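Please read the sequence and the model side by side, and follow the explanation from the overall division of the chain down to individual backbone angles.

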Amino acid sequence: MKRVAILISGGGSNMVALAQSMLGDHPARPCLVLSNVASAGGLAKAQAMGIPTAVVDHKPYGKDREAFEGALIAAIDAHQPDVIAMAGFMHILTPKFITHYAGRMLNIHPSLLPKYKGLHTHARALEAGDTEAGCSVHEVTSELDGGPILGQARVPVLADDSADTLAARVLPMEHQLYPAVLRRFVQGDRTMVVLP
Ligand code: GRF
């Protein structure tokens with residue numbers, strides 16, 4: 001049975017979708033939900049699902065990224081994960097961290113990568129007049145939002161869309177895409193998932 005650690009910073013709706021998918025004949029189970037933000041709403045959701053949780057607050061470490069990541073790695077590895085799934089984890093990680101989990105760390109990004117790496121993805125898609133948008137699950141490498149793409153889901157952009165209405169259309173697709181990619185990834189299957 002593969003063990004999956006999920007990293008969050010906020011509400012954790014993707015974490016919930018991933019955890020809810022890892023039941024029954026699924027080859028993996030969540031072993032940890034960790035947040036860098038003590039007040040993250042997702043922590044209570046994980047606890048309600050009986051998943052071990054941890055908090056490693058980045059603030060006490062100030063600019064010392066190495067020290068923060070050392071604490072992060074220790075907290076994660078205490079639960080012996082096979083795979084790390086970043087799900088709304090809003091903290092830039094250094095190559096040290098990424099190297100430690102090389103080849104076994106995923107992230108979900110709310111754009112059709114390689115378009116719109118970074119933040120404010122939906123506003124940028126609207127600004128560009130795109131007729132479709134979506135989300136991508138990719139392997140995490142040292143290039144921000146740049147690793148191999150393992151899945152994508154597309155949604156239409158509507159004429160009266162705002163960043164919020166577009167985000168609301170993409171988020172349910174994230175909740176379908178990420179579990180589908182994770183199920184394959186934990187079995188070593190890198191066949192791309194394309195939705196719908
Ligand atoms: C999602 O939009 C995801 O694409 C992005 O941050 C948001 C996290 O939402 N990474 P949640 O915490 O999973 O609800």
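The paragraphs below treat the domains, then a pair of helices, and then some backbone details.

This is a predicted model, in which local features need pLDDT of at least 70 and side-chain atom pairs count only at pLDDT 80 or more, while totals for chains, interfaces and linings use all residues. Residues are numbered from 1 along each chain as its sequence is written, and side-chain values use heavy atoms, with hydrogens and water left out.

The protein chain is divided into domain 1, covering 1-102, and domain 2, covering 108-196, with bounds that come from an automatic or database domain assignment. The C-alpha centres of these two domains lie 20 Å apart, and their contact (heavy atoms within 4.5 Å) takes 20 residues from domain 1 and 16 residues from domain 2. Between domain 1 and domain 2 an area of about 1500 Å² is buried, and carbon and sulfur atoms give 72% of this area; buried area here is the accessible area, taken with a 1.4 Å probe, that two parts lose on being put together, summed over both.

Helices and strands are DSSP runs numbered from the N terminus, where a helix (H or I) has at least four residues and a strand (E) at least two. Helix H1 (residues 13-21) packs against helix H6 (residues 163-185) at an angle of about 45 degrees, and their axes are 9 Å apart; the axes are lines fitted to C-alpha atoms over the stretch in contact, and angles run from 0 to 180 degrees between N-to-C directions. H1 and H6 are therefore oblique to each other, given that angles under 35 degrees count as roughly parallel, over 145 as roughly antiparallel, 65 to 115 as roughly perpendicular and the rest as oblique. On the H1 side the contact is made by Ser13, Asn14, Ala17, Leu18 and Ser21, and on the H6 side by Leu171, Glu174, His175, Tyr178, Pro179 and Leu182.

Turning to the backbone, the loop between strand S5 (105-109) and helix H5 (121-127) holds Pro114, and the peptide bond from Leu113 to Pro114 is cis, with omega near 10 degrees. Tyr116 is also found in the loop between S5 and H5, and its phi is near 60 degrees, a positive value in a residue other than glycine. A cis peptide bond also leads from Leu195 to Pro196, with omega near 0 degrees, and Pro196 is placed in the segment after strand S8 (193-195).
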